[in-house]
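User: Here's the one I'd like to go through, with its surface, hollows and charge pairs in mind. Let's take it piece by piece.

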Amino acid sequence: MEIDTGNTAWLLVSTALVLLMTPGLALFYGGLNRSKGVLNMMMMSFSSIGLVSILWLFYGFTVAFGEGGKFWGDLGQYLGTKTFVGENDLWGETGIPIYVFIAFQMMFAVITVALISGALSDRVKFAGWLLFAFGWATLVYFPVAHMVWGGGLIGGDIGALDFAGGTAVHINAGAAALALVLVLGKRVGWPRESMKPHNVPMVALGAALLWFGWFGFNAGSELTADGVTALAFINTQVATAAALLGWIVVEWLRDGKPTLVGASSGAIAGLVAITPACAFITPAAAVLLGVVAGAVCALAVGLKYRLGYDDSLDVVGVHFVGGWIGCLWIGLFGTASVSSLVETDGLFVGGDATLLGKQAISALIVSVYSFVIAFALGFVIDKTIGLRVSAEAEVDGIDIAEHAESGYDLSPTTGSSGGAFAMAGIGAGKSTAEPAVESDDSAPVSEKVAG
């Protein structure tokens, strides 16, 4: 079989789109964070690109996609010390070189690890984060990817469906985030102090990059350019749009005003929910999914205040809850009319509860497995090298304590005129700035989504 240049070109573009999502996530999380921890938050995403890319090349891919048992692929089949550049080194019947598929799936592994970091705002040691990322990717993400996509327990034996990562990515990362939050404990001052997003335009820019890249994430998961690719693409767009509206409607009714943070978060909730289902449901069902996911996730982010877990940037409320919604939606609206992979139609489209049961079991397996391993890893790291920074470092700012730099240097330039800062009224002798307004602890939950 020869290389299919069309399919290869499409997957190369999709790979680049999915890579772009992690810097987009860094901007999204960074904007939601407080200013004194923005660099640490972004560093956790960028370090995931560096660390997980290497792990994936050397052994992650062969664990996930090597032929093997229920939980672990053949370690020798695609080991990183081997090369795959021959004419016949193609992935299945797609006509795509193996290295292109390895690179595409590498980006999924990268962003899944990075997603967890949003729950850990302002209080985790960078060295502890790197050690956790190494252990969790090795013990959780790689085996779960095999179970879901590599012919293992979930995709092969149970027969549950996950087109692009509802269980393998979002439920997986959300469960791990919840576990680490419980190990770390609450931030100093939470929830008494108002900890609002420090840069809302940065949040919106990050969400826009994620939305753009997600077309490679979902539509690219078909690997080839065909009708399923088109369905996944349109479903991704309309579900995300509907979720954006669903979230801001909840804000409007609950808080009196819609917010840009809410619109951005709603879009992410829709992207999360449609990820597992994008190739298995009709566009009409995708719109309904988006509305439900946006509204439910908007309500779910408030659970941390009721239950007392400090999920700083709502990884649990958006990714864990949204992933569950999308996974179960396949069991409700999945239909063989749009995908031959759906063997039994969903409960609401003329089928029975068989597929819904499979979806629920798969989500539960990943939730429990990821939570338990993440909690154990976090506990061991905390008792050895330490996972949490000191209270003093947290209060003064983790950027300075962990990285010796800050996101914003607003000190005046040298000289009597003060340069551009004086022109802007910063550091000038006479200030025209309005008096500072004390933080408002009564701010609505939507404004506190950054924790």
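Analyst: Helix labels first: helices (H or I, at least four residues) and strands (E, at least two) are DSSP runs, numbered from the N terminus. The model is predicted, so local features need pLDDT of at least 70 and side-chain atom pairs pLDDT 80 or more, while totals for chains, interfaces and linings use all residues. Residues are numbered from 1 along each chain as its sequence is written, and side-chain values use heavy atoms, with hydrogens and water left out.

User: Which helix gives the most to the nonpolar patch on the surface?

Analyst: A patch takes residues with over 30% relative accessible area and no salt bridge, joining like charges within 9 Å and nonpolar side chains (Val, Leu, Ile, Met, Phe, Trp, Tyr) within 5 Å; areas are Shrake-Rupley values with a 1.4 Å probe, and for residues only the protein chains shown count as cover. Here the members are Ile54, Leu57, Phe58, Val85 and Tyr99, with about 460 Å² of accessible area together. Val85 sits in the loop between H2 and helix H3 (98-116). The top contributor, with 3 residues, is helix H2 (residues 38-65).

User: Is Val85 buried or exposed?

Analyst: Buried means under 20% relative accessible area, exposed over 50%, and partly exposed is in between (1.4 Å probe, protein chains only). Val85 comes out at 68%, so it counts as exposed.

User: What volume does the largest pocket have?

Analyst: On a 1 Å grid over the protein atoms alone, a pocket is an open set of points with protein on both sides within 12 Å along at least five of seven lines, a cavity is a set where a 1.4 Å probe fits but cannot get out, and lining residues have an atom within 4 Å of a point. Points are joined across faces, edges and corners, and volume is the space filled by probe spheres set on them. For the largest pocket that gives about 740 Å³.

User: Which residues are closest to the centre of that pocket?

Analyst: H3, helix H4 (126-149) and helix H13 (354-383) each supply at least two residues of the lining. By class (Ala, Val, Leu, Ile, Met, Phe, Trp, Tyr, Cys and Pro nonpolar; Asp, Glu, Lys and Arg charged; the others, Gly among them, polar), the lining splits into 17 nonpolar, 9 polar and 4 charged. Of the 30 lining residues, the closest to the centre are Trp149, Asp162, Phe163, Phe280 and Leu341.

User: And the closed space: which helix gives the most to the lining of the largest cavity?

Analyst: The search finds 1 cavity of 30 Å³ or more, with a volume of about 70 Å³. Its lining has 7 nonpolar, 2 polar and 1 charged residues, and Phe28, Leu32, Leu313, Asp314 and Val318 lie nearest the centre. Helices H1 (5-32), H9 (260-277) and H12 (315-333) each bring at least two residues, but the biggest share, 3 residues, comes from H1.

User: Which residue forms a salt bridge with Lys304?

Analyst: A salt bridge is a side-chain nitrogen of Lys or Arg within 4 Å of a carboxyl oxygen of Asp or Glu. Lys304 is buried at 1% relative accessibility, and its partner is buried too, at 2%. With the closest N and O atoms 2.9 Å apart, that partner is Asp314.

User: How many residues apart in sequence are the parts tied together by Lys70 and Asp157?

Analyst: The closest N and O atoms of this pair are 2.6 Å apart. Lys70 is partly exposed, at 43%, and Asp157 is partly exposed, at 43%. Since Lys70 lies in the loop between H2 and H3 and Asp157 in helix H5 (residues 153-158), the pair ties together parts whose separation in residues is 87.
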